[in-house]
Amino acid sequence: MARSNLRYGLNKGHPTTPIAQVPRPSHRKGSQSTKNKFVRSVVREVAGFSPYERRVMELLRNSKDKKARKLTKKRLGTLLRSKRKLEELGTIIQESRRAH
């Protein structure tokens with residue numbers, strides 16, 4: 001909001017021109033590049049799933065969602081990570097069903 005050269009009010013203060021901020025490199029953290037995405041898919045294809053992931057997928061297939069959530073939470077540390085992992089494994093199960 002522009003300042004109005006008044007001593008009081010919402011727009012108080014000397015009118016100045018705002019300086020455009022350069023985006024920090026730390027704000028790019030977490031965004032996936034196409035190369036990174038491709039590398040992760042190749043690693044997943046070559047290495048496959050870890051034993052706990054296979055167990056969780058089996059639990060999801062047998063509709064034991066709560067048990068699967070508890071297991072992933074114990075393995076990954078937080079409920080948010082657990083939810084993301086369950087979502088990922090759920091989509092993989094759905095894709096494998098579509099393929100067959």
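**A salt-bridge network, a pocket and a nonpolar patch**

In this predicted model, Glu88 pairs up with Lys85 in a salt bridge, with 4.0 Å between the closest N and O atoms. The two residues are neighbours of a sort: both sit in helix H4, three residues apart, or about one turn of the helix. Lys85 is buried, at a relative accessible area of 14%, because anything under 20% falls in that class. Through shared partners, salt bridges link Arg44, Glu53, Lys85 and Glu88 into one network.

The rest of that network reaches beyond helix H4. Glu88 also makes a salt bridge with Arg44, and here the closest N and O atoms are 2.9 Å apart. Since Glu88 belongs to helix H4 (residues 79-99) and Arg44 to helix H1, this pair ties together parts that are 44 residues apart in sequence. Neither end of this bridge counts as buried or exposed: Glu88 is partly exposed at 31% relative accessibility, and Arg44 is partly exposed too, at 26%. Lys85, for its part, meets the side chain of Glu53 in a salt bridge with an N to O distance of 2.7 Å. Lys85 is in helix H4 while Glu53 is in helix H2 (residues 51-61), so this contact ties together parts that are 32 residues apart in sequence. Both partners, Lys85 and Glu53, are buried. Pairing of this kind is no surprise, as side chains of opposite charge can pair when their charged atoms come close. In the whole model, the count comes to five salt bridges.

Two members of the network turn up again at the largest pocket. Its lining is made up of Gln32, Arg40, Ser41, Arg44 and Glu88, and its volume is about 270 Å³. As for where empty space is left, rolling a probe the size of a water molecule over the atoms shows it. Helix H1 (residues 34-47) is the biggest giver to this lining, supplying three residues. What sort of residues make up the lining of the largest pocket? There are three charged and two polar residues, and no nonpolar ones. Arg44 and Glu88 thus do double duty, because both are on the list of lining residues and the two also form a salt bridge with each other.

Next comes a nonpolar patch on the surface. Phe38, Val39, Val42, Val43 and Val46 form this patch, and together they have about 460 Å² of accessible area. Val46, one of the five, is found in helix H1. Is Val46 buried or exposed? At 70% relative accessibility Val46 counts as exposed, because the cut-off for that class is over 50%.

Finally, a couple of backbone oddities. Most residues other than glycine have a negative phi. Asn5 goes the other way, with a positive phi of about 65° although it is not a glycine. Asn5 is in the segment before H1 and, at 53% relative accessibility, counts as exposed. Ser63 also has a positive phi, near 50°, again in a residue other than glycine. Where does Ser63 sit? Its place is the loop between H2 and helix H3 (65-76). With a relative accessibility of 61%, Ser63 counts as exposed.

How values were computed:
Residues are numbered from 1 along each chain as its sequence is written. This is a predicted model: local features need pLDDT of at least 70, side-chain atom pairs count only at pLDDT 80 or more; totals for chains, interfaces and linings use all residues. Side-chain values use heavy atoms; hydrogens and water are left out. On a 1 Å grid over the protein atoms alone, a cavity is a set of points where a 1.4 Å probe fits but cannot get out, and a pocket is an open set with protein on both sides within 12 Å along at least five of seven lines; lining residues have an atom within 4 Å of a point. Grid points are joined across faces, edges and corners, and a volume is the space filled by probe spheres set on the points. Helices (H or I, at least four residues) and strands (E, at least two) are DSSP runs, numbered from the N terminus. Ala, Val, Leu, Ile, Met, Phe, Trp, Tyr, Cys and Pro count as nonpolar, Asp, Glu, Lys and Arg as charged, and the others, Gly among them, as polar. Patches are made of residues with over 30% relative accessible area and no salt bridge: like charges are joined within 9 Å, nonpolar side chains (Val, Leu, Ile, Met, Phe, Trp, Tyr) within 5 Å. Accessible areas come from the Shrake-Rupley method with a 1.4 Å probe; for residues, only the protein chains shown count as cover. Buried means under 20% relative accessible area, exposed over 50%, partly exposed in between (1.4 Å probe, protein chains only).
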